[in-house]
Amino acid sequence: MLLINLGTPDAPEAPAVRRYLAEFLSDPRVIEIPKLVWKPILHGIILQVRPKKSAHAYSQVWTEEGSPLAAITRRQAEKLQARWGERVMVDWAMRYGNPGIRPAIDKLKAAGCERILVAPLYPQYCAATTATANDSVFASLALQRWQPALRTLPPYHDDPRYIDALQHSLEQQLATLDFTPERLLLSFHGMPERTLMKGDPYHCHCRKTARLLGERLAIPTDTAFQSRFGRDKWLEPSTEDVLAGYPAAGVTRLAIAAPGFSADCIETIEELGIRGKETFIAAGGTHFARLDCLNDGEEGMAMLDAILMRELAGWVTPA
Ligand SMILES: C=CC1=C(C)c2cc3[nH]c(cc4nc(cc5[nH]c(cc1n2)c(C)c5CCC(=O)O)C(CCC(=O)O)=C4C)c(C)c3C=C
Ligand SMILES: [Fe+2]
Ligand SMILES: [Fe+2]
């Protein structure tokens with residue numbers, strides 16, 4: 001089993017962030033602009049300016065175990081390994097940066113794995129995340145004479161186990177707040193609106209997750225899309241605009257969650273928890289709480305165990 005998440009720099013410093021962003025933003029699955037147009041913009045402007053800004057953001061979330069995204073993904077893999085023991089070998093990798101996908105595939109193969117379940121941990125399918133993770137695995141196998149058999153994890157945006165896990169995790173966190181929020185904002189990572197017109201199911205998957213979750217929760221919810229990048233039109237409404245508009249609309253006590261992220265990362269801890277909070281308070285909000293992702297908590301691990309084990313049907317006998 002290979003768990004995959006997006007990736008992260010090796011250190012919260014501009015040179016490491018530049019290496020990471022160069023790899024990430026050179027992926028044609030992520031930036032769907034012709035190379036001849038995009039390369040000069042990437043190398044001439046973005047990689048000159050953004051690494052320093054992003055390094056500052058990363059330094060605010062960095063932990064003793066490194067980047068939160070990498071640390072949490074590693075713990076998710078370790079906990080699955082502990083649940084499954086000898087039955088399944090579990091490893092993890094990052095699509096960009098380290099640990100890479102190719103060494104992980106080589107390691108599994110060297111250990112004798114003849115069947116591999118590749119699990120990009122994105123509940124909502126997006127070409128910029130799920131497809132490129134799978135592409136990278138396929139590219140690694142293209143170098144091998146004797147390939148293992150492969151399965152890939154389908155999106156699980158509407159899986160009742162995923163919705164259950166989110167419901168219970170969010171309800172528990174809401175119950176321990178020292179104030180009563182009037183609204184819960186569900187913030188998903190954004191993407192250019194044009195990719196929706198091209199047939200990417202991501203937007204619909206996010207909307208369905210939000211609807212199913214909203215139907216379960218007592219608190220009223222809204223949905224928004226964060227992390228806008230570049231000049232194109234992205235999915236709307238933008239999280240930033242919604243946060244800035246709440247107080248004038250009478251919402252001054254707010255909780256925010258990011259159900260599309262399987263692990264907390266710079267986009268949740270820094271963008272929502274620090275900058276998002278500033279935006280909301282500056283607009284007149286009085287109470288703000290950012291709720292954690294499922295991470296390696298009990299609810300999330302039981303959900304992953306169940307949905308991953310289901311994909312292993314016929315390969316592994318259930319315990
Ligand atoms: C055009 C740019 C981007 C698209 C499209 C995009 C889609 C997308 N991303 C995620 C999940 C994550 N993205 C993360 C960081 C991040 N994303 C972009 C740009 C695009 N993402 C950038 C430039 C960055 C780096 C940080 C920064 O400089 O602001 C992360 C967190 C990584 C970490 O180390 O913590 C995640 C996770 C999804 C689900 C998605 C598709 C809809
Ligand atoms: Fe992103
Ligand atoms: Fe961001």
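Two exercises with worked solutions follow, both on a predicted model.

Residues are numbered from 1 along each chain as its sequence is written, while chains are lettered from A and ligands numbered from 1 in the order in which they are written. Because the model is predicted, local features need pLDDT of at least 70 and side-chain atom pairs count only at pLDDT 80 or more, whereas totals for chains, interfaces and linings use all residues.

**Exercise 1.** Determine whether the end-to-end span of helix 6 (residues 160-175) agrees with its length, and which face of the helix is buried.

*Solution.* Helices (H or I, at least four residues) and strands (E, at least two) are DSSP runs, numbered from the N terminus. The expected span is 1.5 Å times one less than the number of residues, so the 16 residues of helix 6 should span 22 Å, and its end C-alpha atoms are indeed 22 Å apart. Next, Tyr162, Ile163, Ala165, Leu166, Ser169 and Leu170 are buried (20 or more other C-beta atoms within 10 Å of a residue's own, with exposed meaning 12 or fewer and partly exposed in between, C-beta atoms being placed from the backbone). These buried residues fall within an arc of 160° seen down the axis, so they line one face of helix 6, the arc being that of the directions from the helix axis to the C-beta atoms. On the other side, Pro160, Gln172 and Ala175 are exposed.

**Exercise 2.** Identify the elements against which the buried residues of helix 6 pack.

*Solution.* Taking contact as C-beta atoms, placed from the backbone, within 7 Å, the partners are helix 8 (202-216), strand 7 (253-257) and helix 11 (298-311). For the whole protein, which has eleven helices and eight strands, residues 24 or more positions apart account for 80% of the contacts with a separation of 6 or more.

How values were computed:
Contact = placed C-beta atoms within 7 Å.
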